[in-house]
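Student: Please take me through one part of this model closely, with the packing around it described in full. I would like a single connected account, with each term's cut-offs stated as it comes up.

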Amino acid sequence: FPMISTLAEWRAAREFVERERSVLKTPPIQIGIMVETSSAALLADRFAQEADFFSFGTNDLTQYTLAMDRTNPRLAPQVDALHPAVLQLIERTVEGAHKHKRWVGVCGALAGDPAAVPVLIGLGVDELSVDVPIVPSVKARVRNLSLKDCKTTAQRALDAADAAEVRAIVAERHA
């Protein structure tokens with residue numbers, strides 16, 4: 001479910017699915033949350049007790065976290081999902097999800113950004129969902145990375161001042 005901000009919203013959405021599933025007499029299905037709001041990320045530990053998985057909508061999460069409209073031509077260049085504030089929300093979500101044995105995916109542009117791949121892996125993201133044409137390049141990128149190096153990169157990225165510094169760290173460590 002997209003744009004979940006509160007446990008009450010999540011529970012209402014899940015209840016709706018369960019009612020319809022019961023009417024249709026279908027087996028249970030996994031349902032999860034698109035993490036697109038800071039509140040969902042910050043409450044990930046609570047959501048993970050009830051949701052089956054998490055998937056990041058990094059475009060929205062970044063826009064809301066940085067309070068910048070990504071459709072505004074003057075602001076769009078500054079809306080970078082590798083900003084440390086966004087990365088800290090991803091880290092917190094992954095920790096909450098993994099505590100309850102839930103998986104976390106990232107979809108969209110960030111998952112296919114070569115600079116983001118080592119950071120996301122280092123933060124413990126379980127799945128990268130990308131457009132079909134770039135699957136081979138992302139797979140090749142992943143194959144050439146070490147988990148230990150990615151974790152070090154991610155830790156440095158979390159302490160960076162801004163997205164430009166994160167990109168410089170990745171360029172230095174994973175040229």
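Tutor: Contact means heavy atoms within 4.5 Å of each other. The model is predicted, so that local features need pLDDT of at least 70 and side-chain atom pairs count only at pLDDT 80 or more, while totals for chains, interfaces and linings use all residues. Residues are numbered from 1 along each chain as its sequence is written, and side-chain values use heavy atoms, with hydrogens and water left out.

The part I have chosen is helix H5, residues 84-99, where helices (H or I, at least four residues) and strands (E, at least two) are DSSP runs numbered from the N terminus. On one side stands helix H4, residues 58-66, whose axis comes within 9 Å of that of H5 and crosses it at roughly 120°; axes are lines fitted to C-alpha atoms, for helices over the stretch in contact, and angles run from 0 to 180 degrees between N-to-C directions. H4 and H5 are therefore oblique to each other, the term left for angles that are not under 35 degrees (roughly parallel), over 145 (roughly antiparallel) or 65 to 115 (roughly perpendicular). Leu61, Thr62 and Thr65 of H4 meet Ala85, Val86 and Leu89 of H5, and by class this contact has 4 nonpolar, 2 polar and no charged residues, with Ala, Val, Leu, Ile, Met, Phe, Trp, Tyr, Cys and Pro counted as nonpolar, Asp, Glu, Lys and Arg as charged, and the others, Gly among them, as polar.

H5 also packs with helix H7, residues 116-123, at an angle of about 35° and with the axes 9 Å apart. Here Leu87, Ile90, Glu91 and Val94 of H5 touch Val119, Leu120 and Leu123 of H7, a contact with 6 nonpolar, no polar and 1 charged residues.

Two of these H5 residues reach further. Leaving aside neighbours within four places in sequence, Ile90 is in contact with Phe56, Leu110, Leu120, Leu123 and Val125, whereas Glu91, on the same basis, is in contact with Leu123, Gln155 and Leu158. The C-alpha atom of Glu91 also lies 8.8 Å from that of Ala41, 50 residues apart along the chain.

Lastly, Ser55 is found in strand S2, residues 53-57, and is buried, with a relative accessible area of 14%; buried means under 20%, exposed over 50% and partly exposed in between, for a 1.4 Å probe and protein chains only. Beyond neighbours within four places in sequence, Ser55 is in contact with Ile33, Met34, Val35, Gly105 and Cys107.
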